[in-house]
Number of protein chains: 2
Amino acid sequence: MPAKTYHHPDLRNTLLEAAVALIGEVGPRGFTLREVARRAGVSHNAPYRHFDSRDDLLLAVALEGFERLTERMQKTLAPGKTPIERLELCGCGYVDFAMGWPNHLQVMFDLAPAPHTHGQRQSHDHVGENAFLVLLNCIKAAQAAGDLPAGDPMPLALTAWSLVHGIAKLGIGGNLQLDRKATIAFTHRAAQTLFGGMAKKITTVAESRPAPGAAHAKVKNEL
Amino acid sequence: MPAKTYHHPDLRNTLLEAAVALIGEVGPRGFTLREVARRAGVSHNAPYRHFDSRDDLLLAVALEGFERLTERMQKTLAPGKTPIERLELCGCGYVDFAMGWPNHLQVMFDLAPAPHTHGQRQSHDHVGENAFLVLLNCIKAAQAAGDLPAGDPMPLALTAWSLVHGIAKLGIGGNLQLDRKATIAFTHRAAQTLFGGMAKKITTVAESRPAPGAAHAKVKNEL
DNA sequence: GACTCAATGTTGCTCTTGTCAACATATTCT
DNA sequence: AGAATATGTTGACAAGAGCAACATTGAGTC
């Protein structure tokens, strides 16, 4: 009889699933290529037939994460009635994902190539694009409904993303001292506050600039 | 003559400085205890006399980072005239630090113990406390000046921190597609928007709640 | 001053990991 | 069937974390 099995059915996927599970358990620091192989029941070098390197596998995990994130946001925002409400819920979905899979989020965002290599980066950016588009579309819808000021939606989207991402990261790190549920409630209130500030600009523009040239200039020139 | 030197003057500090420099160059992933030792001109095991482990050294690096961050924020906010302006500048200082020492920030926040061990964590939290207090005091001053609504300043501070931290992390990761200067300018505008939204609550409260029970309840029960 | 002792460095392991190279088997195409 | 390719396997190697045993220094202490 033949001693070894060789040929695994869809090993690539098996490895990916094992990797996702392992990341969830031990985080990026404890993550090891050999352990993934072990869990998939193959030799320590089998993964190299499907992934270029450890980082390449991690990148695949990140990609999977962005898909999950996109789904989560879409599912969470669905029940919202008004555009602005859907926008808020979209942010809540982001944080909900983060609190549910903190290690996954870390892989998605903190796997960055230390020296900003603009070559490789492109593909990684592209991965998260769909998730960002969900947010961007919510912003556009809110603009169309008159809930947010018209104009380039990008700055608004990036600001909203920043707020939500910050809550997610700090929440994960325990810096907010809130559990998952409370963190999401907090996100909802924070989003309302931010969007309130954005909306303000169309109604009361004058108030935004107390002293047109004071520290405003300083911040651009001195830093 | 004696062949070896032994006894190093203040090796602990030398190691720390080497570690900080190394982190700046190669990031947490490329960081290696042995390379630190090499740069300090000692054997690969010398660091163990001053730090329990690799992670312990990294923690010291993080601590050093929080001190720098605190200084940076204080220095940046100083020229601000009004409380609200100082608050904005405080956030800009945070982002400025992040863009200047991205790897350092990563060590400070993403070194987290994957499973939330509430034992060890305490000390790490304590480290960043001073930096947070700078922000908190700015918030309180703005409240006292009537620029922000009175009441518990914590939610306001945490929201502001989240926004700024999010900008910092996304900026570092290249997700904002802005250089350091533009990122800080962006931070300034985002902060103005957020604080505008916070201030709004004291003047026009009614508008904040479009549909008191719609998806609001959903977000608390379903997630 | 000689002796003891703790602090601090050093060398030399062991174990684990990422990755490369060489080899074996399975599949596909002709 | 036979060749070429894809996919796994075993067996190296270098590098790093951390442990243990040894060496040197400096501070007391008699």
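This report walks through a predicted model, looking at its DNA-facing surface, the domains of one chain and a few helix pairs.

## Around DNA strand C

Let's start with the DNA. There are 22 residues around DNA strand C. The ones that come nearest are A:Leu33 from chain A, plus B:Leu11, B:Val42, B:Ser43 and B:Asn45 from chain B.

Which element gives the largest share of this surface? That's helix 2 of chain A, residues 33–40, which supplies 3 residues. As for the kinds of residue near DNA strand C, you'll find 10 polar, 7 nonpolar and 5 charged.

## Two domains in chain A

Chain A splits into two domains. Domain 1 covers residues 1–51, while domain 2 is made of two pieces, 65–113 and 121–203. If you go from the C-alpha centre of one domain to that of the other, the distance is 33 Å.

The two domains do touch: domain 1 of chain A puts 4 residues into the contact and domain 2 of chain A puts in 5. On the domain 1 side, the residues that touch domain 2 are 2 nonpolar and 2 polar, with no charged ones.

## Helix 1 meets helix 5 in chain A

Now for some helix packing. Helix 1 of chain A (residues 11–30) and helix 5 of chain A (residues 102–110) have axes that come within 7 Å and cross at roughly 50°. An angle from 65 to 115 degrees would count as roughly perpendicular and one under 35 as roughly parallel, so this pair is called oblique. The crossing of helix 1 past helix 5 is left-handed.

Who's touching whom here? From helix 1 of chain A, it's A:Ile23, A:Gly24, A:Gly27 and A:Pro28, and they meet A:Asn103, A:His104, A:Gln106 and A:Val107 of helix 5. Sorted by class, this contact holds 5 polar and 3 nonpolar residues, and no charged ones.

## Helix 1 meets helix 3 in chain A

Helix 1 of chain A has another partner, helix 3 of chain A (residues 54–77); their axes come within 10 Å and cross at roughly 80°. That makes helix 1 and helix 3 of chain A roughly perpendicular to each other.

On the helix 1 side you'll see A:Leu16, A:Ala19, A:Val20 and A:Ile23, which meet A:Leu57, A:Ala60, A:Val61 and A:Glu64 in helix 3. A:Ile23 also turns up in the contact with helix 5 of chain A. This time the contact has 7 nonpolar residues, 1 charged and no polar.

## Helix 3 meets helix 5 in chain B

Over in chain B, helix 3 (residues 54–77) packs against helix 5 (residues 102–110) at an angle of about 115°, with the axes 8 Å apart. How do these two helices of chain B lie relative to each other? They're roughly perpendicular, and helix 3 passes helix 5 in a left-handed crossing.

B:Leu58, B:Val61, B:Ala62, B:Gly65 and B:Phe66 are the helix 3 residues involved, and they meet B:His104, B:Leu105, B:Val107 and B:Met108 in helix 5 of chain B. The class count for this contact is 7 nonpolar, 2 polar and no charged.

Methods: Residues numbered from 1 in each chain as written. Chains lettered and ligands numbered in written order. Predicted model: local features only at pLDDT ≥ 70, side-chain atom pairs only at ≥ 80, totals over all residues. Near = placed C-beta within 6 Å. Helix = DSSP H or I, 4+ residues; strand = E, 2+ residues; numbered from the N terminus. Nonpolar A, V, L, I, M, F, W, Y, C, P; charged D, E, K, R; others polar. Domains from an automatic or database assignment. Contact = placed C-beta atoms within 7 Å. Axes fitted to C-alpha atoms, helices over the stretch in contact; angles between N-to-C directions. Parallel < 35°, antiparallel > 145°, perpendicular 65-115°, else oblique. Left-handed = near helix turned anticlockwise from the far one by under 90°.
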